[in-house]
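Grab a viewer and work through the exercises below. Each one sets a task and then walks through a solution.

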Amino acid sequence: MYQICSNCVMDTTDSRITFNKDGICDHCNDFYKNVKPNWHPDDRGRKELQSIVAKIKAFGKDQEFDSILGLSGGADSSYMLHLVVREFGLRPLVFHVDGGWNSEIAVNNIQVLVDKMGLDLYTVVINWEEMRDFQLAFFKSGVPHIDIPQDHAFIATLYNFAEKYNIRYILNGGNISTEGVRNPMEWLYYGTDMAQIRDIIRQFGTVKMGTYPFSSIFKHKIYLRYIRRVNVVKPLNYMPYIKSEAMQVLQREYDWKPYPQKHFESRFTKFYEGYWLPERFGFDTRKVQYSSLILTGQMTRAEALEKLQMPAYNPETIDDEFNYIATKLNISSDELRHYFTMPKKSYWDYKNQVSIFVVGAKILKTIGVEKSIKR
Ligand SMILES: [Zn+2]
């Protein structure tokens with residue numbers, strides 16, 4: 001039976017959602033119980049961030065870089081760069097991963113930011129033949145999380161740079177303000193499950209992945225975190241972060257251009273989150289994004305419901321978009337249509353390390369590193 005949360009807009013398209021007697025969902029309850037009490041986007045948070053910044057500067061004083069920041073061109077990473085460089089005087093290594101799907105706006109946004117701040121940009125271009133084959137392998141597998149080839153390249157590049165330049169602080173644009181509600185695992189699975197990635201490549205891949213950057217959970221969660229003492233800092237969680245205001249600052253100071261929706265800086269992600277996920281699987285990531293904004297007072301529930309009446313893609317251009325994706329992947333539109341209609345699979349249909357991730361997440365929650373568990 002269909003049910004929607006009475007407080008946010010998450011609903012039973014998230015098959016593991018539960019509701020309390022007032023019809024409020026577990027995402028909301030988790031937010032109020034575990035996340036909000038530990039979140040201080042105020043003076044207290046700013047003081048905490050200042051002491052973290054002091055540590056970062058002290059650690060990095062004799063090094064080329066004191067931290068590292070991956071720039072997608074999206075609002076969160078762009079605003080974070082502005083903040084840490086202009087307000088806090090940090091000297092991050094700024095990198096971008098070009099997986100072949102950058103939108104023109106993203107390329108322009110990245111360029112204006114680094115130019116106006118006078119920073120060097122480290123761009124890593126992923127070998128297109130490998131990326132294409134990796135993405136096609138995910139299409140052929142039938143799972144929802146076909147964004148993993150892009151995601152994983154970013155994560156692996158980040159940790160490779162951190163290791164190479166002996167950087168101990170990773171600046172992450174993740175934030176409670178716009179991501180307080182998390183995508184269910186069933187919708188967007190972990191991008192670093194190497195058992196799953198290897199299994200899907202073994203069954204459906206056709207080229208040797210000779211240069212694509214891989215990183216396992218053991219390498220970046222255990223070796224780098226606990227042996228090399230690499231820390232992840234999320235600066236946007238220590239201050240009021242109002243997305244619309246952040247975008248105004250970026251537009252005014254850098255001539256940065258906004259996107260119609262979160263994550264739309266990649267043409268692939270735009271197609272994937274706007275069309276593929278909702279239309280093939282019924283998973284609409286806007287529900288997660290809007291619910292986060294509702295919980296943090298940046299959108300009303302009525303406004304979200306109204307926006308959800310419209311599809312996440314533009315019906316007038318979707319045919320062109322569909323053909324663009326097929327052409328870029330060097331397959332026919334019929335072949336892409338076949339992947340769209342083939343039987344649906346999920347992460348549990350392939351080898352996976354989900355039990356390790358779940359145990360790890362529970363440990364992190366117990367020791368207070370993570371406030372809530374992705375489920
Ligand atoms: Zn809810």
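**Exercise 1. Work out how helix 3 and helix 4 (residues 104-117) are placed against each other.**

Step 1: the axes of these two helices come within 11 Å and cross at roughly 5°. Here axes are lines fitted to C-alpha atoms, for helices over the stretch in contact, and angles run from 0 to 180 degrees between N-to-C directions.

Step 2: that crossing makes helix 3 roughly parallel to helix 4, a label used for angles under 35 degrees.

Step 3: on the helix 3 side the contact is made by Ser78, Leu81, His82, Val85 and Arg86, and on the helix 4 side by Leu113, Lys116 and Met117. Contact means heavy atoms within 4.5 Å. Helices (H or I, at least four residues) and strands (E, at least two) are DSSP runs, numbered from the N terminus.

A quick note on the model: it's predicted, so local features need pLDDT of at least 70 and side-chain atom pairs count only at pLDDT 80 or more, while totals for chains, interfaces and linings use all residues. Residues are numbered from 1 along each chain as its sequence is written, and side-chain values use heavy atoms, with hydrogens and water left out.

**Exercise 2. Lay out the open sheet of 5 strands and find what packs on it.**

Step 1: the strand order is 3-2-1-4-5, with parallel pairing. Two strands pair if DSSP finds at least two bridges between them.

Step 2: strand 3 (121-125) and strand 5 (231-233) are the edges, each pairing on one side only.

Step 3: ignoring direction, neighbouring strands are turned by 30° against each other on average.

Step 4: strand 1 (residues 67-70) and strand 4 (residues 169-171) run parallel, joined by 2 bridges. Ile68 stands opposite Ile170 in strand 4.

Step 5: helix 2 (residues 43-60) packs on the sheet, touching strand 1, strand 4 and strand 5, and its direction makes about 130° with that of strand 4. Helix 3 (residues 75-87) packs there too, touching strand 1, strand 2 (92-98) and strand 4, at about 155° to the direction of strand 1.

**Exercise 3. Which residues coordinate the zinc ion, and what is the geometry of its site?**

Step 1: the ligands are the SG atoms of Cys5, Cys8, Cys25 and Cys28, at 2.3 to 2.4 Å. Donors are N, O and S atoms within 2.8 Å of the metal (3.2 Å for Na, K and Ca).

Step 2: angles of 104 to 118° among the 4 donor atoms make the site tetrahedral, which for four donors requires all angles to lie between 85 and 135 degrees.

Step 3: along the chain, the donors are spaced C-x2-C-x16-C-x2-C.

How values were computed
Tetrahedral: all angles 85-135°; square planar, octahedral: opposite > 155°, others 65-115°. Parallel < 35°, antiparallel > 145°, perpendicular 65-115°, else oblique.
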